[in-house]
Amino acid sequence: MGPYCKIVGLLLFLTVFLESQAKDFAVKAAYLDFRTQVMTLHAMKGFADDVATRGLNAIVLEYEATFPFQENLTLRNRYAFSEAEIREFIDYCSGIGVEVIPLQNCFGHAEYILRHERYASLKENRKDCSQVCPMKIEEATKVFRSIFGEVAAMHPSMYIHIGCDETRLLGHCAKCREVVRTSGISKLYVDYVTSMCNIVTELGKTPMIWADIILKHPEALSSLPDNVVIVDWNYGWKPDHFGKMENIEKSGHPVWGASSLRSHPDNLYLIQWRKHLDNIFDYSDYAASHGFQGFINTSWSTSGTYGYIYDDREEVVDMQPVREVYPQNGFDMLDEAYASAISGKHKDPEMFLDDYCRIRLGLARAEDIASVKAYFNMKQAPVYALGGCPDSIRGELDKCLEVRRCFMEVVFPPQAKAIAEHLELMLDIRINYLKFKLVEANVESDLFTMDTLGPLLDELRLTVSECEKLRKRFFVLHNGYLKDPRKAFDEWTYYGKMKNLISTLGNM
């Protein structure tokens, strides 16, 4: 064989090899969650540009109360977009080859609907707004035919994702308990979900649901409409976490997968970078090898769990998200990782991290690359996992301070400055939080006395002062990106608890 033939053969081999590495998903989607952090239209377009540039072709968008409802005007909150803005965004995405798939919850995670008196009769539980009672199909059908209809009318996408995950109150009320007793919990679930799917189908769309509940009750699979897309979310556990995957894979339903770049236990001051990095590569590999038709990289601004403030009639006055997470624009590394994993550009997370540091961040020095990788590989433990022990918290704090010391010595080129600013702020917020928790642990200790009050109060005042500076940096970095950056770093975070504690100790 001559040199030319060898070269041609090598090129053909490389072409086949590279093509075999790409994951053949018809839909490759990113995710926007507007439950607690709402982006500006300008930022949304920038996100869509990044999605298209990275080779993805869809965005799943969970509007909640930001959707411009008309028939259900009550549902809008102060961040709601206008119809013109949503049409502009969808048209913009369409022009760059990105499909916008709306997600509209109708079963679990229905707090923003059920908190209103207009829809409160649908609640499974009088004091918990999270779930619609599945026995109220007739009333719910009327409500969601209207809601789905409004959403469908604005979205050319063939899909509407209707959620139906984490229905933790199944079988709670008396009527539901009776159905569970006579027919089983799966019938309670699938009868309601089927009715919601039928509404979507009547609107000329294809319904999508999350897989967790149907995996737990596979006996109900055959009762689901054939066209329902089942999306399995896996955030780092074994594939059979909710139930045997083969049940949905062999059911005849279209199956999609979903990884995550923001999920439990992430919050404003804790981000498990390496867990998400591995999850993105591992589960997209699994989904591709099992013939899934689509894949979504979810991104949650909150856990979807809320605390409520009631008046004496059990009427909801306000809701407080239990957890919020650093905004979407801080997660460039994981966005790039998802694009790389889906395209097959990298098969190994470690190789991806090396290239990300060298190419995306433009780092040349080995010590700089090592410092950035140490940041992403650092395990960040929730403080509750440390048992509230001051020594354990101090150890976690010292680890973060050392990573920060090395990170601050990295010389970032101009094109990586914005990414570096987010990473630095994320780490500084965690350090500030750990300093506060260290003070709090000592205050909660049996050794706390009036003699120790003074030094602890001084330390707390310093920590609060540092937090105020972090808030200002946060506002600057997210100005023009979030509609209200102050809301994303305010009373729903540890900042409010810090202010309460300093007020208490200052009056002792």
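The axes of helix α12 (residues 349-360) and helix α13 (residues 366-377) come within 10 Å and cross at roughly 130°. Helices (H or I, at least four residues) and strands (E, at least two) are DSSP runs, numbered from the N terminus. Axes are lines fitted to C-alpha atoms, for helices over the stretch in contact, and angles run from 0 to 180 degrees between N-to-C directions. The model is predicted, so that local features need pLDDT of at least 70 and side-chain atom pairs count only at pLDDT 80 or more, whereas totals for chains, interfaces and linings use all residues. Residues are numbered from 1 along each chain as its sequence is written, and side-chain values use heavy atoms, with hydrogens and water left out.

**Helix pairs**

The helices α12 and α13 are oblique to each other; angles under 35 degrees count as roughly parallel, over 145 as roughly antiparallel, 65 to 115 as roughly perpendicular and the rest as oblique. The crossing of α12 past α13 is right-handed, a term used if the near helix is turned clockwise from the far one by less than a right angle. On the α12 side the contact (heavy atoms within 4.5 Å) is made by E350, L353, D354, Y356, C357 and R358, and on the α13 side by I369, V372, K373, F376 and N377. These residues divide into six nonpolar, one polar and four charged. Here Ala, Val, Leu, Ile, Met, Phe, Trp, Tyr, Cys and Pro count as nonpolar, Asp, Glu, Lys and Arg as charged, and the others, Gly among them, as polar.

A second pair is formed by helix α2 (residues 41-53) and α3, whose axes come within 10 Å and cross at roughly 15°. This angle makes α2 roughly parallel to α3. The crossing of α2 past α3 is right-handed. From α2, residues L41, M44, K45, A48 and D49 meet E85, E88, F89, Y92 and C93 of α3. The contact of α2 with α3 comprises six nonpolar, no polar and four charged residues.

**Strands**

Strand β9 is largely enclosed by the rest of the structure, because eight of its eight residues are buried. Buried means under 20% relative accessible area, exposed over 50%, and partly exposed in between (1.4 Å probe, protein chains only). Strand β5 (residues 128-132) is mostly covered, with four of its five residues buried.

Two strands pair if DSSP finds at least two bridges between them. The pairings are as follows.

| Strands | Sense | Bridges | Opposed residues |
|---|---|---|---|
| β4 (residues 123-125) and β5 | antiparallel | two | K123 and V132 |
| β8 (residues 229-233) and β9 | parallel | four | W233 and A258 |
| β9 and β10 (residues 294-299) | parallel | six | A258 and I296 |

In β9, A258 stands opposite W233 of β8 and has I296 as its bridge partner in β10. Strands β4 and β5 are joined by a hairpin through two residues.

**Backbone features in loops**

A cis peptide bond, with omega about 0°, joins H264 and P265. P265 is placed in the loop between β9 (255-262) and α10 (273-289).

Two glutamates have positive phi values. E64, in the loop between β2 (58-62) and α3 (83-95), has a phi near 50°. The residue E64 is buried, with a relative accessible area of 8%. E166, in the loop between β6 (159-161) and α6 (174-183), has a phi of about 45° although it is not a glycine. With a relative accessible area of 21%, E166 is partly exposed.
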